[in-house]
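Hi,

Here's the structure I promised to pass on. Have a look, and my notes follow below.

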Amino acid sequence: MRQSNMLIPTLREVPKEAEIASHQLLLKAGYIRKLASGVYNFLPLGKRVLRNLEKIVREEMDRAGAQEIQMPSLQPAELWETSGRWDTMGLELMRLNDRHERPFALGATHEEVVTSLIRDEINSYKKLPLTVYQIQTKYRDEKRPRFGLLRGREFLMKDAYSFHEDFDSLDETYDQLFNAYKRVFERCGLNFRAVIADSGAMGGKDTHEFMVLSDVGEDTIAYSDTSEYAANVEMAPVVTQYEPRNEEQKPLEKVETPNAKTMQEVADYLGHSLAEGMKAIMFKVDERLVLVVTRGDHEVNDVKVKNLFDAGIVELATEQETLDAIGAGFGSLGPINVEETVEVIADQAVKSLVNATCGANENGYHFKNVNPDRDFEVSQYADLRFIEEGDPSPDGQGTIQFAKGIEVGHVFKLGSLYADKLGASFLNQQGRSQNYVMGCYGIGVTRTLAAVVEQYHDDHGMFWPDSLVPFDVHIINLNAKKEEQVEVAEQVYEQLQSKGFDVLYDDRQERAGVKFNDSDLIGVTHRVTIGKRAHEGYVEYKHRKTGEQQDIHIDELVDFLK
Ligand code: ATP
Ligand code: MG
Ligand code: MG
Ligand code: MG
């Protein structure tokens with residue numbers, strides 16, 4: 001393509017708000033343009049890279065046996081009400097009304113839609129297991145959209161959903177998709193780790209995040225320097241060498257009882273009513289039960305709370321104390337602004353601890369974003385040790401290191417949560433009606449593109465792995481006024497194109513310096529400059545990343561570039 005009429009508006013200066021390399025360079029090199037906070041146009045170069053990335057994702061998803069579909073972004077509120085997430089998604093869910101004042105959401109994710117789709121279309125085990133996926137725009141009204149494509153409010157996600165008869169089948173598909181994700185990120189040339197992630201107190205069993213190692217990442221990973229062990233620190237055992245304060249205190253154990261499963265069930269059990277979307281989990285230590293209650297989608301906090309218990313910061317309640325507390329707790333909940341709120345309902349020890357250290361309300365049951373060390377001093381509990389760099393790895397192999405990571409993918413064993421909520425059932429092999437067991441799997445496509453730039457740039461601009469690069473070759477005609485050079489440039493351009501290369505041809509009437517700067521910025525791997533030696537049939541080759549440079553005769557160019 002001729003650069004003279006391509007939309008590649010490179011910039012000298014970038015807006016101050018662009019703090020990190022990928023944001024700065026994608027703007028500067030004319031790949032993207034902002035429309036509104038967290039909302040971006042993709043210009044031709046950006047779109048070409050995106051297409052390459054989507055191709056990789058599609059190939060690997062297809063290879064793993066997933067089928068591509070496309071679901072709507074415009075989703076009726078009833079669906080979200082049925083799942084309970086109309087309330088719990090809070091402000092992150094973009095909402096709108098149609099002309100008849102009927103409420104809708106813009107899809108932040110598609111569990112509700114896909115579960116209702118499969119519920120209505122499949123009724124027998126014979127079609128299972130089934131995995132569908134889409135590459136589609138998601139909308140999330142992030143509190144802090146930032147870092148360009150890394151945290152947008154409108155962004156592209158590949159999301160997949162699998163449907164199963166049982167957990168064995170889910171495990172199998174999960175492994176396949178886990179491997180597909182590894183291949184996707186390997187093909188993108190990324191340095192990444194798959195880490196154990198936070199499944200939330202109520203979520204399914206396993207969940208892993210794919211983290212691109214980068215200082216601008218918002219997550220912290222604890223990993224072993226010699227083994228495969230890696231976890232989001234939200235998930236890593238808070239205390240590695242924890243010595244129980246009293247000898248009898250045993251590790252917490254999740255209680256799988258119907259009464260502890262969902263908040264609704266707990267409420268039913270106790271004869272209380274409660275707001276939609278609350279979740280609860282019971283932990284059991286010896287005969288003592290502790291109930292942790294959460295609202296909102298900030299399941300991460302449940303884990304932190306669990307860690308508090310694990311760490312012995314919070315005393316455990318007896319069953320009676322817990323039940324008493326629940327009684328009081330429900331009464332005090334009322335209509336709360338649930339954003340980022342975690343409620344812990346436990347015993348008086350929790351209440352006083354919370355009141356003393358977290359500034360909780362009078363009732364003592366609510367505290368925000370519990371975060372040991374930040375929200376209260378941990379050092380006062382002498383027997384506590386939080387995981388640190390240099391600790392032995394929890395798997396017994398190697399030593400813990402910390403790194404910052406960008407979450408580019410997330411695979412999750414959902415279980416029957418959504419199937420239960422939406423009444424999605426099928427006839428199993430025994431002819432009985434049963435709810436689906438599900439998995440869900442996401443890749444942040446636009447975020448991945450930005451993560452690549454974070455790992456592939458230098459002081460002059462970006463460069464790209466071959467799998468993503470927007471063009472194969474960048475031809476630069478140094479002097480668009482010299483007829484002889486123009487002729488050679490045109491000839492090389494035609495020749496490379498006829499051999500199947502994707503070529504960007506800088507035929508602009510610009511100074512050499514401008515052309516070279518733009519070329520470095522844009523980051524096409526192979527640069528072919530038509531300059532002084534054109535009349536001898538020689539062009540100048542330069543590799544964008546290595547800087548390797550040499551003169552090549554045009555007759556040998558195709559072979560050289562192959
Ligand atoms: P984060 O923790 O960064 O907010 P998430 O855990 O909320 O992400 P998921 O619901 O797991 O995100 O969505 C699947 C993938 O979508 C994420 O792994 C991430 O790569 C991508 N993603 C999520 N939110 C955004 C966003 N605001 N902008 C760009 N990509 C996003
Ligand atoms: Mg999020
Ligand atoms: Mg996350
Ligand atoms: Mg996630």
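By class, how many nonpolar, polar and charged residues does the shell around ligand 1 have? The split is 3 nonpolar, 7 polar and 5 charged (Ala, Val, Leu, Ile, Met, Phe, Trp, Tyr, Cys and Pro count as nonpolar, Asp, Glu, Lys and Arg as charged, and the others, Gly among them, as polar).

Before you dig in: this is a predicted model, where local features need pLDDT of at least 70 and side-chain atom pairs pLDDT 80 or more, while totals for chains, interfaces and linings use all residues. Residues are numbered from 1 along each chain as its sequence is written, with chains lettered from A and ligands numbered from 1 in the order in which they are written.

Back to ligand 1: F155, H410, G442, G444 and R447 come nearest of the 15 residues around it (near is a C-beta atom, placed from the backbone, within 6 Å). β18 gives the largest share of that shell, 4 residues (strands are DSSP runs of E, at least two residues, and helices of H or I, at least four, numbered from the N terminus).

Then there's a helix pair. α2 (44–63) and α6 (167–187) pack at about 155 degrees, axes 9 Å apart (axes are lines fitted to C-alpha atoms over the stretch in contact, and angles run from 0 to 180 degrees between N-to-C directions). They are therefore roughly antiparallel (angles over 145 degrees). I56, V57, E60, M61 and R63 in α2 meet A180, R183, V184 and R187 in α6 (contact is C-beta atoms, placed from the backbone, within 7 Å). That contact has 5 nonpolar, no polar and 4 charged residues.

Cheers

How values were computed: Angles under 35 degrees count as roughly parallel, over 145 as roughly antiparallel, 65 to 115 as roughly perpendicular and the rest as oblique. Two residues are in contact if their C-beta atoms, placed from the backbone, lie within 7 Å.
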